[in-house]
Amino acid sequence: MGEISVLGAGAFGTALAISLAATGRDVTLWARDAEAAQVMQANRENARRLPGKAFPTSLTATSDLTKACEGRVLLLAVPMQQLAGFCDTNKRLIQHKTLVSCCKGVDLTSERGPLAVLEDTVPDADVAILSGPSFAVDIADGLPTALTLAGRDQATVDHLQTLLTTANIRLYSSLDPLGVEFGGALKNVIAIACGLAIGAGLGESARAALMTRGFAEMQRLALRLGAERDTLAGLSGFGDLVLTCTSEKSRNFSHGLKLGRGAKIDPTVTVEGVATAKAVAHLSRSLEIDMPITTTVTQILNRDISISEAAESLLSRPLKRE
Ligand SMILES: NC(=O)C1=CN([C@@H]2O[C@H](COP(=O)(O)OP(=O)(O)OC[C@H]3O[C@@H](n4cnc5c(N)ncnc54)[C@H](OP(=O)(O)O)[C@@H]3O)[C@@H](O)[C@H]2O)C=CC1
Ligand SMILES: O=C(CO)COP(=O)(O)O
């Protein structure tokens, strides 16, 4: 086994493993399902989550978590709402390692981002977060992007920045993990709002207004929690907001789009913004931070109000300075 393992063989974990292994490094991809891991290893493809993207020769798929955790650096790529439980259950195997969260969301139970969840559940690990504009299919196709690698410890961040840079992923470093994790989480909720607007036929101008005012409320919350403004304006905040709100490749945007059109939703698809909207609406209420778009998204998702009622309510808020 090599130095790097990716835990969670969904679309993103698989794409990262492919990009890292394409540099010639030995990379292990762990899937919880034994049969799925075996089939992936034999067919050199994750046909269920990322079809048609061939595994480089130095990529090994396995369901043996003990073996996968022999690596020094473990990239965690499970859905956000599974992260705390996964870490808690497997604490013995992942403690004392360098853990890099690849999740974008806020945990419903603790109302905290992935880095804080890692710090709480695995206090003996070195922790970091990787986030920014990156559709799994693009990464696996070798298309270029730039992401942010953030942590609290300069030496850990420097090491990971070099280790995890690949031919198509340029990594910027940051010592503001809170800004990075909240940027990546909050943009998903705004992407749902944009999908709803486009799906309901409210137009491109409405989308641009939602992105801009959504960005304002993302900053309001993140800055209050201690993030730096520049981080929100960076790849993991503004960068990922733009990508996710403007592409049907985004599951969050597409979820809103389908709801807006009255189309059927596939409940098996990972749509991080749904739980995150709920967590953030509650968090913002308790901190008395105004987040009207996020709150409205939760009301629509709960079917408390219709999209036209939501638009009317957002437009009729008291007028204020930008
Ligand atoms: N897809 C993308 O383009 C990007 C995704 N991300 C982030 O990456 C994270 C993962 O998303 P993504 O890979 O797309 O999700 P997917 O829906 O593609 O896959 C989720 C994976 O997690 C596994 N899983 C779920 N629960 C557990 C658990 N309790 N223990 C172990 N494994 C589990 C699933 O296993 P099984 O197959 O057995 O169900 C599946 O392989 C999300 O936070 C997302 O926001 C970030 C950037 C881009
Ligand atoms: O975070 C992503 C792109 O950077 C992926 O977005 P979705 O989870 O909405 O597909």
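Which backbone N or O atom lies 3.4 Å from an oxygen atom of ligand 1? In this predicted model, that atom belongs to Cys-102.

## Surroundings of ligand 1

Ligand 1 is surrounded by 22 residues, and the closest are Ala-11, Ala-136, Arg-251, Thr-270 and Glu-272. Polar contacts to oxygen atoms of ligand 1 come from backbone and side chain. A backbone N or O atom of Lys-104 lies 3.1 Å from an oxygen atom of the ligand, and a backbone N or O atom of Cys-102 lies 3.4 Å from one. From Arg-48, a polar side-chain atom is placed 3.3 Å from an oxygen atom of ligand 1.

## Surroundings of ligand 2

Around ligand 2 there are 13 residues, of which Lys-104, Asp-240, Ser-250, Arg-251 and Asn-252 come nearest. Arg-251 is thus listed among the closest residues of ligand 1 and among the nearest residues of ligand 2.

Three polar contacts to oxygen atoms of ligand 2 may be described. The side chain of Asn-252 places an N or O atom 2.7 Å from an oxygen atom of the ligand. For Arg-251, the atom concerned is a polar backbone atom, at 2.8 Å from an oxygen atom of ligand 2. Lys-187 contributes a polar side-chain atom, 2.9 Å from an oxygen atom of ligand 2.

## The largest pocket

The largest pocket holds about 1600 Å³ of space. It is lined by 48 residues, and those closest to its centre are Gly-10, Ala-11, Arg-49, Arg-251 and Thr-270. Ala-11, Arg-251 and Thr-270 also appear among the residues closest to ligand 1.

Several helices supply at least two lining residues each: H1, H2 (34-43), H4 (80-89), H7 (136-140), H9, H12 and H13. H4 gives the most, with four residues. By residue class, the lining of this pocket divides into 22 nonpolar, 14 polar and twelve charged residues.

## Helix H13 and its packing

Helix H13 spans residues 251-261, and its buried residues are Asn-252, Phe-253, Ser-254, His-255, Gly-256, Leu-257 and Gly-260. These buried residues pack against helices H9 (177-199), H10 (204-225), H12 (235-246), H14 (272-287), H15 and H16 (307-315).

The N-terminal end of H13 is capped by Ser-250, with a side-chain oxygen 3.2 Å from the backbone nitrogen of Asn-252. Asn-252 is therefore engaged through its backbone nitrogen in the cap, while its side chain has an N or O atom 2.7 Å from an oxygen atom of ligand 2. Just after H13, Gly-262 adopts a positive phi of about 75°.

## Thr-294 in helix H15

Thr-294 is part of helix H15, which covers residues 292-301. Is Thr-294 buried or exposed? With a relative accessible area of 2%, Thr-294 is under the 20% cut-off and so counts as buried. Leaving aside residues up to four places away in sequence, Thr-294 touches Val-189, Ile-190, Glu-217, Ala-277, Val-280 and Ala-281.

## The enclosed cavity

The model contains one cavity of 30 Å³ or more, and the largest cavity has about 40 Å³ of space. Its lining consists of Leu-16, Leu-20, Leu-75, Leu-130, Leu-147, Leu-164, Thr-166, Ile-169 and Leu-171. These residues divide into eight nonpolar, one polar and no charged.

Helix H1 (11-21) and strand S8 (169-174) each supply at least two residues of the cavity lining. H1 likewise supplies at least two residues to the lining of the largest pocket.

Terms used: Residues are numbered from 1 along each chain as its sequence is written. Chains are lettered from A and ligands numbered from 1 in the order in which they are written. This is a predicted model: local features need pLDDT of at least 70, side-chain atom pairs count only at pLDDT 80 or more; totals for chains, interfaces and linings use all residues. Side-chain values use heavy atoms; hydrogens and water are left out. On a 1 Å grid over the protein atoms alone, a cavity is a set of points where a 1.4 Å probe fits but cannot get out, and a pocket is an open set with protein on both sides within 12 Å along at least five of seven lines; lining residues have an atom within 4 Å of a point. Grid points are joined across faces, edges and corners, and a volume is the space filled by probe spheres set on the points. Ala, Val, Leu, Ile, Met, Phe, Trp, Tyr, Cys and Pro count as nonpolar, Asp, Glu, Lys and Arg as charged, and the others, Gly among them, as polar. Buried means under 20% relative accessible area, exposed over 50%, partly exposed in between (1.4 Å probe, protein chains only). Contact means heavy atoms within 4.5 Å. A residue is near a molecule or strand if one of its heavy atoms lies within 4 Å of it. A polar contact is a pair of N or O atoms within 3.5 Å; within protein, one must be able to donate a hydrogen and the other to accept it, and residues adjacent in sequence count only if both atoms are side-chain atoms.
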